[in-house]
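Here is a walk through one structure, taken helix by helix. Please keep the sequence and the 3D view at hand while reading.

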Amino acid sequence: MTLRRLGSRIGPPLIPFVLVTIVLEIVALNGWIPSYLMPAPSSVLRSMIEDREELFEGFRSTALAAFAGLALSFVLG
């Protein structure tokens, strides 16, 4: 897949995502919405990086429960 073709597939959905993220960052940094209601996207990303072990553990336990429920539904269904 060429770079131009990849850009034409990824670009259209990426542009609104980037624009909305920039607007939300500006709104949060200017304090127009309190940070307890909407934290800045940069602080969310920072928190995801800093707390990645805890997030991964939560993901792992949730995925395990979901797969256990799926297996149980296959057996009982």
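Start in helix α1, where a kink of about 45 degrees lies at Gly-11, shortly before the proline Pro-12. The model is a predicted one, and this bend, like every other value below, is computed from it. Helix α1 runs over residues 3-29. Gly-11 is also one of the buried residues of this helix, together with Glu-25, Val-27 and Ala-28. Part of the cover over the buried residues of α1 comes from α2.

Three further positions in α1 show how the surroundings vary along the helix. Arg-9 belongs to α1. Arg-9 has a relative accessible area of 58% and is therefore exposed, since the cut-off for that class is over 50%. Its C-alpha atom is separated by 32 Å from that of Asp-51, a residue 42 places away along the chain.

Leu-24 is in α1 as well. Its relative accessibility is 33%, so Leu-24 counts as partly exposed. Apart from neighbours within four places in sequence, Leu-24 is in contact with Met-38 and Pro-41. Between Leu-24 and Met-38 there are 8.6 Å from C-alpha to C-alpha, at a sequence separation of 14 residues.

Ala-28 is the third of these positions in α1. With 17% relative accessibility, Ala-28 counts as buried, because the limit for that class is under 20%. Which residues does Ala-28 contact, leaving aside its neighbours within four places in sequence? They are Met-38, Pro-39 and Ala-40. Met-38 thus appears among the contacts of Ala-28 and also among those of Leu-24. The C-alpha atoms of Ala-28 and Ser-42 are 14 residues apart along the chain and separated by 9.7 Å.

Next comes the loop between α1 and α2, which holds Asn-30. Asn-30 has a relative accessible area of 44% and is partly exposed. From its C-alpha atom to that of Ala-63, 33 residues away along the chain, the separation is 38 Å. Gly-31, which follows α1, has a positive phi, near 75 degrees.

The chain then reaches the packing of α2 against α3. Two packed helices are described by the angle between their axes and the distance between the axes. Helix α2 covers residues 41-50 and helix α3 covers residues 52-76; they pack at an angle of about 80 degrees, with axes 5 Å apart. That angle makes α2 roughly perpendicular to α3, because the class takes in angles from 65 to 115 degrees. On the α2 side the contact is made by Met-48, Ile-49 and Glu-50, which meet Arg-52, Glu-53 and Leu-55 of α3. By type, the residues of this contact are three nonpolar and three charged, with no polar ones.

Last, consider the aromatic side chains. How many aromatic pairs are counted? The count is one. A pair of aromatic rings is described by the distance of the centres and the angle of the planes. Here the partners are Phe-56 and Phe-59, with 6.5 Å from centre to centre and 35 degrees between the planes, a tilted arrangement. Phe-56 and Phe-59 are three residues apart in helix α3, so about one helical turn separates them. Both Phe-56 and Phe-59 are exposed.

Definitions and conventions. Residues numbered from 1 in each chain as written. Predicted model: local features only at pLDDT ≥ 70, side-chain atom pairs only at ≥ 80, totals over all residues. Heavy atoms only, no water. Axes fitted to C-alpha atoms, helices over the stretch in contact; angles between N-to-C directions. Helix = DSSP H or I, 4+ residues; strand = E, 2+ residues; numbered from the N terminus. Parallel < 35°, antiparallel > 145°, perpendicular 65-115°, else oblique. Contact = heavy atoms within 4.5 Å. Nonpolar A, V, L, I, M, F, W, Y, C, P; charged D, E, K, R; others polar. Buried < 20%, exposed > 50% of the residue type's maximum accessible area, 1.4 Å probe, protein only. Bend = angle between axes of the 7 residues up to and from the residue. Phe/Tyr/Trp six-rings, centres within 6.5 Å; stacked < 30°, edge-to-face > 60°.
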